[in-house]
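Trainee: I should like to understand how the descriptive terms are assigned here. May we take them one at a time?

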Amino acid sequence: MVVLLAVLFGLVIATLQRIDRHAARTHTAGKQIAQNTVGLWALDQMNRDLVAIRGAARGAEHARTSNAVIDPLRRCPESRRLAGRFRARRQQELLAC
């Protein structure tokens, strides 16, 4: 009887040791996944920041370019008169469609 209990107790201990080894491997794999995820998160955040910077730069470039073209035209009375005619003609074309 004592021998049987000792064998069963030995099997339980061996099973618990295997469970512990598998848990340790799972924990290590989870830590590696977390480390890789942090890197991906940082890359994603950097990509969002760069997209925002690019959008701001394009907006600034567009504003600078359009102001360089529009400002001289605003100072010229003839260009204002022509622009008014162009807008009226464009509106008529749109209404005709």
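Mentor: Let us start with a definition: a residue is buried when its relative accessible area is under 20%, exposed when over 50%, and partly exposed in between. In this predicted model, 1% of the 97 residues count as buried.

Trainee: Why is Val7 called partly exposed?

Mentor: Val7 has a relative accessibility of 47%. Partly exposed covers values between 20% and 50%, so Val7 belongs to that class.

Trainee: What makes Val7 eligible for the nonpolar surface patch?

Mentor: Patch residues need over 30% relative accessible area; Val7, at 47%, therefore passes that cut-off. The patch, of about 760 Å², also includes Met1 and Leu11. Val7 itself lies in helix H1, which spans residues 2-75, and the protein has two helices and zero strands.

Trainee: How do you know that Asp44 and Arg48 form a salt bridge?

Mentor: Their closest N and O atoms are 2.8 Å apart. The cut-off is 4 Å, so the pair qualifies. The structure holds one salt bridge. Both residues lie in helix H1, four residues apart, about one turn of the helix.

Trainee: Is Asp44 buried, exposed or partly exposed?

Mentor: Asp44 has a relative accessible area of 33%. That value falls between 20% and 50%, so Asp44 is partly exposed.

Definitions and conventions:
Residues numbered from 1 in each chain as written. Predicted model: local features only at pLDDT ≥ 70, side-chain atom pairs only at ≥ 80, totals over all residues. Heavy atoms only, no water. Patch = residues over 30% accessible without salt bridge, like charges linked within 9 Å, V, L, I, M, F, W, Y side chains within 5 Å. Areas by Shrake-Rupley, 256 points an atom, 1.4 Å probe, with all protein chains shown as cover. Salt bridge = Lys/Arg side-chain N within 4 Å of Asp/Glu carboxyl O. Buried < 20%, exposed > 50% of the residue type's maximum accessible area, 1.4 Å probe, protein only.
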